[in-house]
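Here is a short set of exercises to work through with the model open beside you. Try each task before reading its solution.

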Amino acid sequence: MMNLSQARRIVVKVGTSTLTYPTGKLNIRGIERLVRCIADLHNRGYEMVLVSSGAIAVGAAKMRLPERPQELRMKQAAAAVGQCELMHVYDKIFAEYGINTAQILLTTEDTEDETRRHNVHNTFDALLETKSLPIVNENDTVAVEEIEFGDNDSLAAVVSRVSNADLLVIFTDMDGLFDDNPRENPEARLIPVVHEINDDLRAIAGGAGTANGTGGMITKLHAAELCNEKNIPMFVVNGAKPEILYDLADGRLAGTLFLPPNYDSARS
């Protein structure tokens, strides 16, 4: 069974609901725990990439906006303010563990155009070769509908593809994918492994996520499909428990594993 010990290059995606409180303010304790776990795996020799949501929510809170903005120009302004705050916090905490961080902001144009995609791949390679830790977000300040990823789960999958990652781990506000909504049905059961994404699974995944985020479980299915195309396994786990990364590193399953249909045969 897949575990982190078989992977060399790992993308970790963290959502807005994990990074912030409902107020939009940063969850400092949660971020510190997340950074500590990622830094520890980095020190063990893994090449770590962090895809981080939260810029718009953090920026809106810092600008004292009453709610997440809906107008495009206000979203872009909030993203510009929030991205500075996020990177400041990340850089400060990772520096305590002796790790250099690097900011990468992307739009779909950067990954769909062959020349630009090649340049992005080379940038990831160069940063990881020099033991720097890339922190990626969508370039919300310039992105419009035609060039936006739409959600950072899809962005994380695209980053996994363009960086030739061995594994994607998505942190969310649930323990994984359930066979029903666990917030409404206490009998809902966790699905530990998904081998095929079909219409039944999409119906289970439901709609959007939290008020401050843009995702939900349905976007994670789309991310898994993107990963499946490049034979990249993907875990969905609870972001309130970043120490789960250690479980995965030690070969223990957690959350929901989306395993590409031909994964074993492709690696044998």
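**Exercise 1: From one residue pair to the sheet**

In strand 5, the residue standing opposite V14 is F171. Keep in mind that this is a predicted model.

*Task.* Starting from this pair, work out in which sense strand 1 and strand 5 pair, and over how many bridges.

*Solution.* Begin with the ranges: strand 1 covers residues 9-14, and strand 5 covers residues 167-172. The two strands pair in the parallel sense, over 5 bridges.

Next, find the helix that packs on this part of the sheet. Helix 9, residues 217-229, touches strand 5, strand 7 (234-238) and strand 8 (256-258). Its direction makes about 155° with that of strand 7.

**Exercise 2: The whole sheet**

*Task.* Find the strand order, then say which strands stand at the edges.

*Solution.* First, the order: 8 strands form an open sheet, arranged 3-4-2-1-5-7-8-6, with mixed pairing. Now read off the two ends. Strand 3 (101-106) and strand 6 (193-194) each have a single partner strand, so each has one side without a neighbour in the sheet.

Then add a second helix to the picture. Helix 6 (residues 114-129) lies across strand 1, strand 2 (47-52), strand 3 and strand 4 (133-138). Relative to strand 3, helix 6 runs at about 170°.

**Exercise 3: Two annotated residues**

*Task.* Take T172 and I218 from the UniProt "binding site" annotation. Is T172 buried or exposed? How does I218 count by relative accessibility?

*Solution.* Start with the record: the annotation, from an unreviewed entry, covers K13, T172, D173, T214, G215, G216, M217, I218, T219 and K220. From this set, T172 and D173 belong to the lining of the second largest pocket.

Now place T172, which is found in strand 5. Its relative accessible area is 8%, and the cut-off for buried is under 20%, so T172 is buried. Leaving aside residues up to four places away in sequence, T172 touches T18, K220, V236, V237, N238, G239 and A240.

Turn to I218, which sits in helix 9. With 30% relative accessibility, I218 counts as partly exposed.

**Exercise 4: The protein overall**

*Task.* What share of the residues is buried, and what share of the contacts with a separation of 6 or more joins residues 24 or more positions apart?

*Solution.* Of the 268 residues, 53% are buried. For the contacts, the share is 73%. To finish, count the elements: the secondary structure comes to 11 helices and 8 strands.

Methods:
Residues are numbered from 1 along each chain as its sequence is written. This is a predicted model: local features need pLDDT of at least 70, side-chain atom pairs count only at pLDDT 80 or more; totals for chains, interfaces and linings use all residues. Side-chain values use heavy atoms; hydrogens and water are left out. Helices (H or I, at least four residues) and strands (E, at least two) are DSSP runs, numbered from the N terminus. Buried means under 20% relative accessible area, exposed over 50%, partly exposed in between (1.4 Å probe, protein chains only). Contact means heavy atoms within 4.5 Å. Two strands pair if DSSP finds at least two bridges between them. Axes are lines fitted to C-alpha atoms, for helices over the stretch in contact, and angles run from 0 to 180 degrees between N-to-C directions. UniProt positions are given in the numbering used here, feature names are shortened, and annotations may be inferred rather than shown by experiment. On a 1 Å grid over the protein atoms alone, a cavity is a set of points where a 1.4 Å probe fits but cannot get out, and a pocket is an open set with protein on both sides within 12 Å along at least five of seven lines; lining residues have an atom within 4 Å of a point.
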